[in-house]
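Let's take a walk through this structure together. We'll start with its cysteines and then move on to some strands.

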Amino acid sequence: MSTSPNPAGSPSPTRRTVVAAVGAAGLAAALVACGSDDGKGSSEEPAGEASEKEEGGGGGGGAVLASTADIPVGGGKIFKDENVVVTQPTKGEFKAFSNRCTHKGCPVTSVEGGTINCPCHGSKFDITDGSVKQNPAPKPLPATKITVEGDSIKLA
C-alpha cells in the first residue's frame, strides 16, 4: 500500500494501520467469545468452589438455585452459571461457596467424600466451611450468601 493520496484527496491507510485495525478487531472478537456462555438457565454440575457475593461470586439476588431435595446430605451441587456451589454438610444445614478455586481460579467440578474438588491441581475444600483440605489452594473458598425458604434455596 502507498501513502499517496487517493482520488478523493485523503491519504490511504498505511499497512501498519490496517494490521493494527485487524488485530484490534480480532482481540475484540476473542474477548467477546471468552465472556459468553452458551448455556441457558442454571447448569448444574457436581459441587465445586464458591465465592462470597461481596467478592464478586454468585449470581443475582433472590434467584432460586435448587430445591433442598436436590442437594445431597454430605455432598453438594455446582451451579456453573451462578458461580456457586451449594452443600449440605448435615441434614437441613445448607452452605454456599464460590465455584472458583483459590489457587488458580479453575472452576471446581465435583463434591465427593465431604470435599469440593478442583480438577486443575488437586485442591480440595471442606463442604462445611470451605477450608482447604488439600493444597495447593492458599486459602478457603469464599462463602456465598443463600437463603432457604421452604424447599427453595435462593441466592441472598
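A disulfide is a covalent bond between the sulfur atoms of two cysteines. Keep in mind that what you're looking at is a predicted model.

**The cysteines**

So how many disulfides turn up in a search of the whole structure? Just 1 is found. The partners are Cys-106 and Cys-120, and their sulfur atoms sit 2.2 Å apart. To count as a disulfide, the two sulfurs have to be within 2.5 Å. The link between Cys-106 and Cys-120 also has a handedness: the angle about the S-S bond is -105 degrees, and the link is left-handed.

What does this link tie together? Cys-106 is in the loop between β5 (95–98) and β6 (110–112), while Cys-120 is in the loop between β7 (115–117) and β8 (124–126), so the bond connects parts that are 14 residues apart in sequence.

Now take a look at Cys-101, which is in no disulfide. The nearest cysteine sulfur belongs to Cys-118, and it is 3.9 Å away. Why don't Cys-118 and Cys-101 bond? Their sulfurs are 3.9 Å apart, and that's too far for a bond.

Here's how these cysteines compare with the solvent-accessibility classes:

| Cysteine | Relative accessibility | Class |
|---|---|---|
| Cys-101 | 5% | buried |
| Cys-106 | 16% | buried |
| Cys-118 | 6% | buried |
| Cys-120 | 36% | partly exposed |

Why is Cys-106 counted as buried? The cut-off for buried is under 20% relative accessible area, and Cys-106 is at 16%. Cys-120, at 36%, counts as partly exposed.

**Strand β11 and its partners**

Next, find strand β11, which covers residues 152–155. Which way do its side chains point? They alternate along the strand. Ile-153 and Leu-155 point to one face and are buried, whereas Ser-152 and Lys-154 point to the other face and are not buried.

Strand β11 is joined to β2 (residues 64–67) by 3 bridges, and the two run antiparallel. In this pairing, Ser-67 has Ser-152 of β11 as its bridge partner.

Strand β11 is also joined to β10 (residues 146–149), this time by 4 bridges, and again the strands run antiparallel. Val-148 stands opposite Ile-153 of β11, and Ile-153 is one of the buried residues you've just met.

How many residues lie between β10 and β11 in their hairpin? There are 2. One residue to look for in that turn is Gly-150, which has a positive phi of about 65 degrees.

Key
Residues are numbered from 1 along each chain as its sequence is written. This is a predicted model: local features need pLDDT of at least 70, side-chain atom pairs count only at pLDDT 80 or more; totals for chains, interfaces and linings use all residues. Side-chain values use heavy atoms; hydrogens and water are left out. Buried means under 20% relative accessible area, exposed over 50%, partly exposed in between (1.4 Å probe, protein chains only). Two strands pair if DSSP finds at least two bridges between them.
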